[in-house]
Amino acid sequence: MLSLIQQLFDRLRASTSVTQKWLSTTQKVREKKRKTLTPASQNTDQEVTTMQRCLHDQSEFVKWYVGFLKHELRPTSPYQRHITALKTLTILVKSGLDPTVSREHYSKSAQGEVKWVLREQIISPWLVRVLLDLMMNPFDDVRQTAASMLKIMPSEHSSLAYESAGREKHRISRLVVYIRRAEKAMLRSGRADHADGVARAYDVLFEHCKPNASVEAWWESMSGVFGHLVRELQMMVDIANSDRSAAIARYPMHGLLASIR
C-alpha cells in the first residue's frame, strides 16, 4: 500500500507541474492575443477553467489527506494506524511537498526536474509534540519512524526553536525539555521501551547540534551532549557503588548506555 501511495504522490507532483505550465503558457498566449486585439477562443476559456478546477481539487485533496494522516496519530489510535500514518507522512515529507524540509532529505524521485507546484507545511508544532510523545511508544518501529521524522526537520525550524528556560541562564530547546521529562519516566518505570525512547531523543538532539564546542550550554554542541551523558552515567555508577539496591530500583542506566552507543 505504501508503494502505491508513493506512486500516487509522484503522479500528483508530475500532473500538477504539467497543469501549471500549461496554464502559464496559455495565459501568455491570451495576453498576446489581447494586445493584438485577437478574440480569444471560447474552447480555450473552457479548458483554462477546467484545468484551474483540477488544480484546485488536487490542492484540496492534498490538504485533506495531510490532515487525515495527522488525525491518525492521535494517542487513542491503535498501532496499525500509528505506523501507517507515520510512514505515509515520511513519504510526503521526502517528496518535497513541505517547503521547510531540506533537499538533501528528498527521495530519489523527488530530486528530479519535476517539482511540486503545490506547497503544504506538514511539519508543525503540534506534529512535533506528537512525534516526541510517540518516541515513548511501546512499539519499536513507531519509535524509530517518529525519531526519523524529527531528524528530517531543519534545526532552525520554529517547532524546535528555543523557549524560555525560566530562571536558568540559557534558553532551553524543546528537545531538552522533552528529554528531561522522558528521563523521569524512564527512572520511574525502568521499562526498556522508555529507555529506548530516551536514547532516540538524545540521537535527535545530537543530530541538530553544532559540531564545534564553542558554545555555553551542553545541549548546543555534539561534544556537550556526549559529555552530559558521560556525567549522568558516572553519577549512576557512583550511586550503584554506594547503594546497589537503590541503583537497581530507581536508577536504571541502560537508557544512557543506549544513548552513548
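## Helix α5 and its surroundings

In helix α5 of this chain, the residues V142, R143, T145, A146, A147, M149, L150 and I152 are buried; the model from which this is read is a predicted one. Among the elements that cover these buried residues of α5 are α3, α4 (125-134) and α7 (192-207). Helix α5 itself is 13 residues in length and extends 19 Å from its first C-alpha to its last, a value close to the 18 Å expected at 1.5 Å a residue.

## How α3 packs on α5

Two packed helices are described by the angle between their axes and the distance between the axes. For helix α3 (residues 79-94) and helix α5 (residues 140-152), the axes come within 10 Å of one another and cross at roughly 25°. Because angles under 35 degrees count as roughly parallel, α3 is described as roughly parallel to α5. The crossing in which α3 passes α5 is left-handed.

On the α3 side, the contact is made by Y79, H82, I83, L86, K87, L89, T90, V93 and K94, and on the α5 side by D141, V142, T145, A146, M149 and I152. Sorted by class, the residues of this contact between α3 and α5 comprise nine nonpolar, three polar and three charged ones. Of the α5 residues that take part in the contact, V142, T145, A146, M149 and I152 also appear among the buried residues of that helix.

## How α7 packs on α8

A second helix pair is formed by α7, one of the elements covering the buried residues of α5, and helix α8 (residues 222-242), whose axis comes within 9 Å of that of α7 and crosses it at roughly 155°. Since angles over 145 degrees count as roughly antiparallel, α7 and α8 are roughly antiparallel to each other, and their crossing is right-handed.

In this pair, Y202, L205 and F206 of α7 meet M222, V225, H228 and L229 of α8. The contact of α7 with α8 holds six nonpolar residues and one polar residue, with no charged residues.

## Helix α6 and the residue that follows

Helix α6 (residues 174-189) has 16 residues, which should span 22 Å at 1.5 Å a residue, and its end C-alpha atoms lie 23 Å apart, in agreement with that expectation. The buried residues in α6 are L175, V176, Y178, I179, A182, E183, A185 and M186. Just after α6 comes G190, which takes a positive phi of about 70°.

## Two partly exposed residues

H56 is found in helix α2 (residues 42-71), where, with a relative accessible area of 47%, this residue is partly exposed. Although H56 and T16 are 40 residues apart along the chain, their C-alpha atoms are separated by 9.7 Å.

R74 is found in the loop between α2 and α3 and, at 27% relative accessibility, likewise counts as partly exposed. R74 and V130 are 56 residues apart in sequence, while the distance between them, C-alpha to C-alpha, is 7.8 Å.

## The chain as a whole

The protein chain has ten helices and two strands, which follow one another along the sequence in the pattern α-α-α-α-α-β-β-α-α-α-α-α. Of the 261 residues in the chain, buried residues make up 42%. Among the contacts with a separation of 6 or more, 60% are accounted for by residues 24 or more positions apart.

Note on methods: Residues numbered from 1 in each chain as written. Predicted model: local features only at pLDDT ≥ 70, side-chain atom pairs only at ≥ 80, totals over all residues. Heavy atoms only, no water. Axes fitted to C-alpha atoms, helices over the stretch in contact; angles between N-to-C directions. Helix = DSSP H or I, 4+ residues; strand = E, 2+ residues; numbered from the N terminus. Parallel < 35°, antiparallel > 145°, perpendicular 65-115°, else oblique. Left-handed = near helix turned anticlockwise from the far one by under 90°. Contact = heavy atoms within 4.5 Å. Nonpolar A, V, L, I, M, F, W, Y, C, P; charged D, E, K, R; others polar. Expected span 1.5 Å × (residues − 1). Buried < 20%, exposed > 50% of the residue type's maximum accessible area, 1.4 Å probe, protein only.
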